[in-house]
Amino acid sequence: MSDNFPVQGLRGRLTANAPLGARAWFRTGGPADWLFVPEDADDLADLLRNRPVDMPLTVLGACSNVIIRDGGIEGMVVRLARGFSDIEVQTDGLVVGAAALDVTVAEHSAAAGLAGLEFLVGIPGSIGGAVRMNAGAYGSDINAVLDWADILTSDGELRRLTCEELGFAYRHSDLPEGAIVIRARLRGTPDAPDAIRERLAEIRASREASQPVRARTGGSTFRNPDGHKAWALIDEAGCRGLTLGGAQVSEKHCNFLLNIGDASSEQLETLGETVRKKVLDRSGIDLHWEIRRIGRRDVGEKTV
């Protein structure tokens, strides 16, 4: 534990100037001033209660739906890992840690003979992020299956919020500012495990056929506007295959950005903004980012 860090007594792993690019699915981005991997929820609560009020805090999960800018992330980055990945199977659902991968939860649900969570196998990421953004795919979303989520507030208080209190909308939740999801309960319906596994296989095959799942990408780049598909608007604007340096709009599914070589985060984000402008000029529709863009643009900005 570093003597320079303003909170002492934490039990998790703390690293200064921690590289983040290798963790991100795009494989781009600068370092975190500080990276903290808490041992458990109590360890995380200690950090939240005792950190300086002016220290920025960013939570990263699987880094599947994020562009980490080239200048890195100011302040503290928290990454939930092994202490937050438990999956408890119950009679009519699962209680899952925020760091559990969506695909792993879908597989556990199938093994337990609980249907309704198959859509998670088509979502890259972890449950904490899925709750935060009401992730969805293949005809369902978190709003349809969540009973409650346990959160730590920005000052370290443990609270349990119901689905109704989370105020889900399309790719949105009303989580309190600065709150961190640490676990959630997801409902399931009894069904034959083989039938559930068959549906998982169908979703995997559909995703493999339609999306660049083996590329360095971040999932869907833009939200679908009301009454439209983002990919179709991008295609109509002539952006399929558009490149900028090592960044490319996927030719397979043009709502995906790709790092096809040595792209920088700046190139990826600039290409995304270029797509937005072309779509706006062509259709009058303003696309909104689904991928989070976080951190400093300036590579030269000083870290600790």
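This is a short tour of a predicted model, going from the whole chain down to one leucine.

**Stop 1: the whole chain.** Start by showing the protein chain as a cartoon and colouring by secondary structure: you have seven helices and 19 strands to pick out. The radius of gyration is 20 Å, close to the 19 Å that the globule rule gives for 304 residues, so the chain is as compact as a globular protein of that length. Turn the C-alpha trace onto its principal axes and it spans about 55 × 55 × 30 Å.

**Stop 2: contacts and burial.** Next, draw the contacts between residues at least 6 apart in sequence; 64% of them join residues at least 24 apart. Of the 304 residues, 50% count as buried.

**Stop 3: surface and charge.** Switch on the accessible surface, which comes to about 13800 Å², with 47% belonging to carbon and sulfur atoms. Then select the charged side chains: 35 are positive and 43 negative, and the centres of the two sets lie 4 Å apart.

**Stop 4: L287.** Now select L287, in the loop between α7 (265-283) and β19 (292-294). Is L287 buried or exposed? L287 is buried, because its relative accessible area is 0%.

What does L287 touch, leaving aside residues up to four places away in sequence? Show F222, R223, P225 and A230 as sticks, then add L233, I234, R276 and V279, and you have its contacts. To finish, put a distance label between the C-alpha atoms of L287 and T221: the two are 9.6 Å apart in space, although 66 residues apart in sequence.

Methods: Residues are numbered from 1 along each chain as its sequence is written. This is a predicted model: local features need pLDDT of at least 70, side-chain atom pairs count only at pLDDT 80 or more; totals for chains, interfaces and linings use all residues. Side-chain values use heavy atoms; hydrogens and water are left out. Helices (H or I, at least four residues) and strands (E, at least two) are DSSP runs, numbered from the N terminus. The radius of gyration is taken over C-alpha atoms; the globule rule is 2.2 Å times the number of residues to the power 0.38. Buried means under 20% relative accessible area, exposed over 50%, partly exposed in between (1.4 Å probe, protein chains only). Contact means heavy atoms within 4.5 Å. Accessible areas come from the Shrake-Rupley method with a 1.4 Å probe; for residues, only the protein chains shown count as cover. Lys and Arg count as positive and Asp and Glu as negative; His and the chain ends are not counted. The place of a charge is taken as NZ of Lys, CZ of Arg, CG of Asp or CD of Glu.
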